[in-house]
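Please walk through the structure shown here, taking its helices, its sheet and its pocket in turn.

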Amino acid sequence: MAAIMVRAALPGDLPAIARLRWQWWDEWRTDGTPDEDPAAFSAEFTAWAERSTATHRASVVVDGEEVVGMAWLAEVSRPPSPGHLDIRRGDLQSVYVVPELRGQGWGARLVAHVLEDARARGMQRVTVYSGGRSLSLYARAGFEVTEHLRQVDL
């Protein structure tokens, strides 16, 4: 039996990550089927990921050679402040584990991996926008509701 593990994504993982992103969308969408086909989406997604390496890093759960989970860490630089010339924050995005592996701790391991990567990169804060089903996962990982974070839908 192959070992399941969490690691940083490799360039060769991008088509599999694109398939997971499509699967995530297909599972959670409420507004119908997207117009593009999965192969075209995979090509566009892979091209985006290759262009976005300076700001977005993927981590994956792998079962042997198969990518079965993903998460993205988006890095945002903030304007310098006196005494804080290098302010970097992170945004945890698109956390997804295939349904058959949910409830086994792989989502928690994936989030922990991303947070460790953020710490290693010197980020001072990581935020996440979550659907209700994942709120307990993020709370267990240390994410807190804050009165200072606001958003506006455009």
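In this predicted model, Thr 46 makes contact with Leu 14, Pro 15 and Ala 18, once its neighbours within four places in sequence are left aside. Thr 46 itself belongs to helix H2, which covers residues 38-51, and its relative accessibility of 13% lies under the 20% cut-off, so Thr 46 counts as buried. Ahead of that helix in the chain, Asp 37 sits in the loop that lies between helix H1 (14-28) and H2. With a relative accessibility of 42%, Asp 37 counts as partly exposed, and its C-alpha atom is 9.8 Å from that of Trp 22, a residue 15 residues away in sequence.

From the helices we can turn to the sheet. It is an open sheet of 5 strands, with the order E1-E2-E3-E4-E5 and with mixed pairing. Strand E1 (4-8) and strand E5 (125-128) stand at the edges and have a single partner strand each, so one side of each is left without a neighbour in the sheet. From one strand to the next, the twist averages 25 degrees.

The pairings can be followed strand by strand. Strand E2 (residues 56-63) is paired with strand E3 (residues 66-78) in the antiparallel sense, over 8 bridges. Along this pair, Val 60 is placed opposite Met 70 in E3, while Asp 63 is placed opposite Glu 66 in E3. The hairpin formed by E2 and E3 has 2 residues between the strands, and there Gly 64 adopts a positive phi near 70 degrees.

Strand E3 is also joined to strand E4 (residues 87-97), by 9 bridges, and these two strands run antiparallel. In this second pairing, Met 70, the residue that stands opposite Val 60, stands opposite Tyr 96 in E4, and Ser 77 stands opposite Arg 88 in E4. Where, then, does the parallel sense appear, and over how many bridges? The parallel pairing is that of E4 and E5, over 4 bridges, and within it Leu 92 is found opposite Val 128 in E5.

One residue of E4 deserves a separate look for its backbone. Ser 94, which lies in strand E4, has a phi near 50 degrees, a positive value in a residue other than glycine. As a general matter, most residues other than glycine have a negative phi.

Next comes helix H3, residues 106-120. Its 15 residues should span 21 Å at 1.5 Å a residue, and because the C-alpha atoms at its ends are indeed 21 Å apart, the expected and modelled values agree. Which residues of H3 are buried? They are Trp 106, Gly 107, Leu 110, Val 111, Val 114, Leu 115, Asp 117 and Ala 118, and the buried residues of this helix pack against E1, E2, E3, E4 and E5, as well as against helix H4 (135-140).

Beyond the end of H3, the chain enters the loop between H3 and E5, where Arg 121 lies. At 25% relative accessibility, Arg 121 counts as partly exposed, and, when residues up to four places away in sequence are not counted, Arg 121 touches Arg 57, Glu 75 and Arg 88. One of these, Arg 88, is the residue of E4 that stands opposite Ser 77. Arg 121 and Leu 101 are 20 residues apart along the chain, and their C-alpha atoms are separated by 29 Å. Gly 122, which also follows H3, has a positive phi near 80 degrees.

The walk ends at the largest pocket, which holds about 1000 Å³ of space. It is lined by 29 residues, and those closest to its centre are Val 126, Thr 127, Val 128, Phe 143 and Leu 149. Of these, Val 128 has already appeared as the residue of E5 opposite Leu 92. Two or more residues of the lining are given by each of the elements E3, E4, H3, E5 and H4, and the largest share, 4 residues, comes from E5. The edge strand E5 thereby links two parts of this account, as the parallel partner of E4 and as a contributor to the lining of the largest pocket.

Methods. Residues are numbered from 1 along each chain as its sequence is written. This is a predicted model: local features need pLDDT of at least 70, side-chain atom pairs count only at pLDDT 80 or more; totals for chains, interfaces and linings use all residues. Side-chain values use heavy atoms; hydrogens and water are left out. Buried means under 20% relative accessible area, exposed over 50%, partly exposed in between (1.4 Å probe, protein chains only). Contact means heavy atoms within 4.5 Å. Two strands pair if DSSP finds at least two bridges between them. Axes are lines fitted to C-alpha atoms, for helices over the stretch in contact, and angles run from 0 to 180 degrees between N-to-C directions. The expected span of a helix is 1.5 Å times one less than its number of residues. On a 1 Å grid over the protein atoms alone, a cavity is a set of points where a 1.4 Å probe fits but cannot get out, and a pocket is an open set with protein on both sides within 12 Å along at least five of seven lines; lining residues have an atom within 4 Å of a point. Grid points are joined across faces, edges and corners, and a volume is the space filled by probe spheres set on the points.
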